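Ready for a few exercises? Have a look at the chain first, then work through the solutions at your own pace.

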Amino acid sequence: MTRLLTALLLLLATTASADNGIYTKTTEAPTDNVYTEVYKALENERFWVVFEANIGENIKRFAEKWGEEYNRSGLTAMRSMVVCNGWWANAVSNADPQMVALCPLRVNIIAKDGVTSVLFARPGVFAGSSPAKDIIAEIETKIIAAIDSGVAAAEK
């Protein structure tokens, strides 16, 4: 019974959507924990983080210059992980070299009002009838599973 209640509470605390081609997973877990756990989950799936950008920190230096235009959305965090897996990149390029435009992939994390959101532009949206569409769908599934797993770990 306790496990069922815990599972229901997690479902209520965490939401996911992909209405506009962007997979979004939200949680009230602390942003730093979410970032760390999603990073680990991606690398556990062998999607290596090859670049990290703390966009929020980087644009703070423009606050005075941009004035009222600075951070009108009120985000308290804006970070990005660029991920790649050479085996999958090779599989995509073998099937359809043009789809290499999707590599590497990125996962973004934003926060506002105590809610952390993990964002992922789903590459399958661009695959259309490409010969690489099945491979891209598999990559997308793995990345989304890693995001879900990382968020779940951050919520513990």
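Below are five exercises, each with a worked solution.

This is a predicted model, where local features need pLDDT of at least 70, side-chain atom pairs count only at pLDDT 80 or more, and totals for chains, interfaces and linings use all residues. Residues are numbered from 1 along each chain as its sequence is written, and side-chain values use heavy atoms, with hydrogens and water left out.

**Exercise 1. Get an overview of the chain.**

Step 1: start with the secondary structure, which comes to 7 helices and 6 strands. Helices (H or I, at least four residues) and strands (E, at least two) are DSSP runs, numbered from the N terminus.
Step 2: read off the order, which from the N terminus on is α-β-β-α-β-α-α-β-α-β-β-α-α.
Step 3: check burial. Of the 156 residues, 36% count as buried, where buried means under 20% relative accessible area, exposed over 50%, and partly exposed in between (1.4 Å probe, protein chains only).

**Exercise 2. Work out which side of helix H5 (residues 86-95) is buried.**

Step 1: pick out the buried residues, Trp 88, Ala 89, Ala 91 and Val 92. They sit on the same side of H5, because they cover an arc of only 160° around the axis (the arc is that of the directions from the helix axis to the C-beta atoms).
Step 2: recall the helix rule. An α-helix has 3.6 residues a turn, so residues three or four places apart point the same way.
Step 3: turn to the other side of H5, where Gly 86, Trp 87 and Asn 94 are exposed.
Step 4: find the partner. The buried residues of H5 pack against helix H7 (133-154).
Step 5: look at the N-terminal end of H5, which Asn 85 caps with a side-chain oxygen 2.8 Å from the backbone nitrogen of Trp 87.

**Exercise 3. Describe the surroundings of Glu 140 in helix H7.**

Step 1: decide on burial. Glu 140 counts as buried because its relative accessibility is 10%.
Step 2: find a polar contact (a pair of N or O atoms within 3.5 Å; within protein, one must be able to donate a hydrogen and the other to accept it, and residues adjacent in sequence count only if both atoms are side-chain atoms). The side chain of Glu 140 makes one with the side chain of Arg 122, at 2.8 Å.
Step 3: list the contacts (heavy atoms within 4.5 Å). Leaving aside neighbours within four places in sequence, Glu 140 touches Phe 120, Arg 122, Pro 123, Gly 124 and Val 125.

**Exercise 4. Place Ala 146, also found in H7.**

Step 1: note that Ala 146 is buried, with a relative accessible area of 2%.
Step 2: beyond its neighbours within four places in sequence, Ala 146 is in contact with Ala 41, Leu 42 and Glu 45.
Step 3: compare chain and space. Ala 146 and Glu 45 are 101 residues apart along the chain, yet their C-alpha atoms are separated by 6.9 Å.
Step 4: zoom out to the chain. Among contacts between residues at least 6 apart in sequence, 71% join residues at least 24 apart.

**Exercise 5. Say which classes of residue line the largest cavity and the largest pocket.**

Step 1: the lining of the largest cavity has 14 nonpolar, 1 polar and no charged residues. 
Step 2: the largest pocket's lining has 5 nonpolar, 5 polar and 4 charged. 
Step 3: check the terms. Ala, Val, Leu, Ile, Met, Phe, Trp, Tyr, Cys and Pro are nonpolar, Asp, Glu, Lys and Arg charged, the others, Gly among them, polar. On a 1 Å grid over the protein atoms alone, a 1.4 Å probe fits in a cavity but cannot get out, while a pocket is an open set with protein on both sides within 12 Å along at least five of seven lines; lining residues have an atom within 4 Å of a point.
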